[in-house]
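Please look at the sequence and the predicted model below. This report covers cavities, aromatic contacts and one helix.

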Amino acid sequence: MKNSLLKFGIVFIVLSTLVFIILNYERSTKIELHLENKTKQYEQNYNATYKGYKNLAKVIFETDINSNEVKKIFAQASITKDKEQDIVRKKLYDKLKNTYELLKSYNIKQLHFHLPSNESFLRFHRPNRFGDNLTNVRETIKYSNDNKEQIDGFEEGRIYNGYRFVYPLSYDGKHIGTVEVSFSTLVMSLEMVSNYKVITQFLISKEVVGQKVFDDEKSNYVKSPLEDFYIEKKSAKVLADINNINIAEPLSKKTNKIVKNRGFDNDSFSIYDTYRKNIVTFIKVKNPINRSVVGILVVQSDASYIVNKNRNFYIVMFFSILLITVGLLLIYKELEQKYKFRIEAEKERKINKKLQKLNDEVKESRNEVEKLNEGLELKVKDEVHKNVLAQEKLFKSEKMASMGEMIGNIAHQWRQPLSVISTVASGIQLQQEHKILTDELLLNSCEQIIENTQNLSDIINNFSDFIEKDRERELFSLKSNLNRFMSLIVGSLKHDHINIVLDVDDDDIKIDAYPSELIQCYMNIYNNSNEAFHHNTIDDRVILINVIKDDSKLCIIFQDNAGGIKDDILPKIFEPYFTTKHQSQGKGLGLHMTYNLIVNGMGGTIEASNKHFEYKSKENYGVEVKIILPV
């Protein structure tokens, strides 16, 4: 029984390890999802707070600053020098002094006028400090002066940093400089604290502070929990008093290690800090011009969910090990008892006959099992063949189901050529009736008719190739494949007012796959985006198609701005027969078929997620579908 004890010990270790892996995976997955949701939540809260102050800055500019009286005074600054400029500066200061004092009650931190040369003309917070050129310090001022456009975002300055809203000023049709309305990071932090009941602190890049801030103003910054960032001394004191904590208190070693490994080049993220026992969310704040990370909004929130999850994990783990131990002990005792009985039975003379009989029965059973296995193997092969045929049939069925939409595309694309042919033919008839038809006019008209007739023929050929193409693996050009898909939907793009942007880095990318099936996948993804545009009544419709290739894989990315998919629906979209439409509108096979074609047919992967992306300087939100194929 010594060997049995060793075996039971091994079984105990294996079972305990499996339970740990399963429970730990479940815990880790849910904690990770919880942290992702926290990141999204506080990013949305931050964006909403920022938008509120942006609207307030615009109201202040339009009502108190952008007046002819103020601009008339400021216009003199560009055409005067030295003492005369001082007179203009004082006049402008006296004009807006009371307004500035009133605006401070709205948490305005700075009101700052700049000349077209980017030179500081009047700082209301430091009226005696002017004349320094801000070209290499304040990118927003240079941008607004150069482009005569409003710009906003967080930026460090010579004295203070803040959320700056810079507006160009003009008088009598001439650009006279810019004015800045800004709010402090402390105000934004306090707004988050008040509205969302969290602990916040705004960290500023040490590198940026070292490059921009006057040397005699650097004492306004103190070290923060992250070694590469500062925090404003005043902000640290105010937030510490409000939250009754030490803002500069360091993060745990584990948290610091995670932050260093992840860095701030990727998206914002959240982690659970074991030292502070809370969730720490790091929201990136970028320079509005060069988009580099210049600040981090750190949000500390309640982590009771994670604490409870960890506690429950250890409780369940403890009882699982206890249950395994008790169960194995009971089994061991039962086997030990049987072992004793077997030893006694072996003393009997008849045991050899019984064992021989048992061996015969085992052999007979083994033969029967082998026969059964042979039958099962044939049956499995038959079922696999049937499954392949079913997949082929399903693909063709789905492909034929797209013909209705293709006929609509043909109709859209034929409308213009048919209109041209009809117009030219009517023109020939009219000219003939009035005896003004010449050989040259007739020749030109015939050329137009032939050209448009050829166009109609090309459209039919494109659609015929797609519909009649058999399932055949081949080496083909990816860009040509995508262009062929674009030619199939060009009518829909015009009819539905969709702007589609194709970006292929390498025109010579070739892949070994099924070109017709790949086009069917594009078509299914495009149709889902188009339906979402209509369902969500999106006006400015955009679909981006990007292709990224490296040594091991090829990634085809579809992005739309149709508003995304609900979180509870997103994991189900590739399941068979899953659809959010009425049964009469769809059977839910389009994206499932796409999944099968990519994963089972081409050995790739496909995934979908909701993403924010920027297009033409505008924030967009929608679904990103990623097709990844092996090279």
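## The largest cavity

Eleven names make up the lining of the largest cavity: Gln110, His112, Arg123, His125, Leu134, Arg138, Gly157, Arg158, Ile159, Tyr160 and Arg164. By class, four of these lining residues are charged, four are polar and three are nonpolar. The charged ones are Arg123, Arg138, Arg158 and Arg164. Leu134, Ile159 and Tyr160 supply the nonpolar part.

The volume of this largest cavity is about 60 Å³. Over the whole structure, the search finds two cavities of 30 Å³ or more.

## Aromatic pairs

The model, which is predicted, holds 25 aromatic pairs. One of them joins Phe113 and Phe124. Their ring centres are 6.3 Å apart, and the planes meet at 45°, a tilted arrangement. Phe113 belongs to strand S1 (residues 108–114). Phe124 sits in the loop between strand S2 (120–123) and helix H4 (139–147). Eleven residues separate the two. Both Phe113 and Phe124 are buried.

A second example is edge-to-face: Phe485 and Phe558, at 6.5 Å centre to centre and 70° between the planes. The angle is over 60 degrees, so the pair counts as edge-to-face rather than tilted. Phe485 comes from helix H13 (residues 478–496) and Phe558 from strand S16 (residues 553–560), so the contact ties together parts 73 residues apart in sequence. Phe485 and Phe558 are buried too.

## A cluster and two charges over rings

Aromatic residues also gather in a group. Tyr46, Tyr50, Tyr53, Phe154, Tyr163, Phe165, Phe183 and Phe202 form one aromatic cluster.

Two arginines sit over rings. Arg89 places its charged end over Phe130, 3.5 Å from the ring centre. Arg129 lies over the face of Phe214, with 4.0 Å to the ring centre.

## Helix H5

Does the length of H5 agree with its residue count, and what span should it have? Helix H5 (residues 185–196) has twelve residues. At 1.5 Å a residue, the helix should span 16 Å, because the expected span uses one less than the number of residues. Its end C-alpha atoms are 16 Å apart, which agrees.

Which residues of H5 are buried? They are Thr185, Leu186, Val187, Met188, Ser189, Met192 and Val193. An α-helix has 3.6 residues a turn, so residues three or four places apart point the same way. Just after H5, Lys197 takes a positive phi of about 55°.

Key:
Residues are numbered from 1 along each chain as its sequence is written. This is a predicted model: local features need pLDDT of at least 70, side-chain atom pairs count only at pLDDT 80 or more; totals for chains, interfaces and linings use all residues. Side-chain values use heavy atoms; hydrogens and water are left out. Rings of Phe, Tyr and Trp (its six-membered ring) pair if their centres lie within 6.5 Å; planes under 30 degrees apart count as stacked, over 60 as edge-to-face and the rest as tilted. Helices (H or I, at least four residues) and strands (E, at least two) are DSSP runs, numbered from the N terminus. Buried means under 20% relative accessible area, exposed over 50%, partly exposed in between (1.4 Å probe, protein chains only). A charge sits over a ring if NZ of Lys or CZ of Arg is within 6 Å of the ring centre and within 35 degrees of the ring normal. On a 1 Å grid over the protein atoms alone, a cavity is a set of points where a 1.4 Å probe fits but cannot get out, and a pocket is an open set with protein on both sides within 12 Å along at least five of seven lines; lining residues have an atom within 4 Å of a point. Grid points are joined across faces, edges and corners, and a volume is the space filled by probe spheres set on the points.
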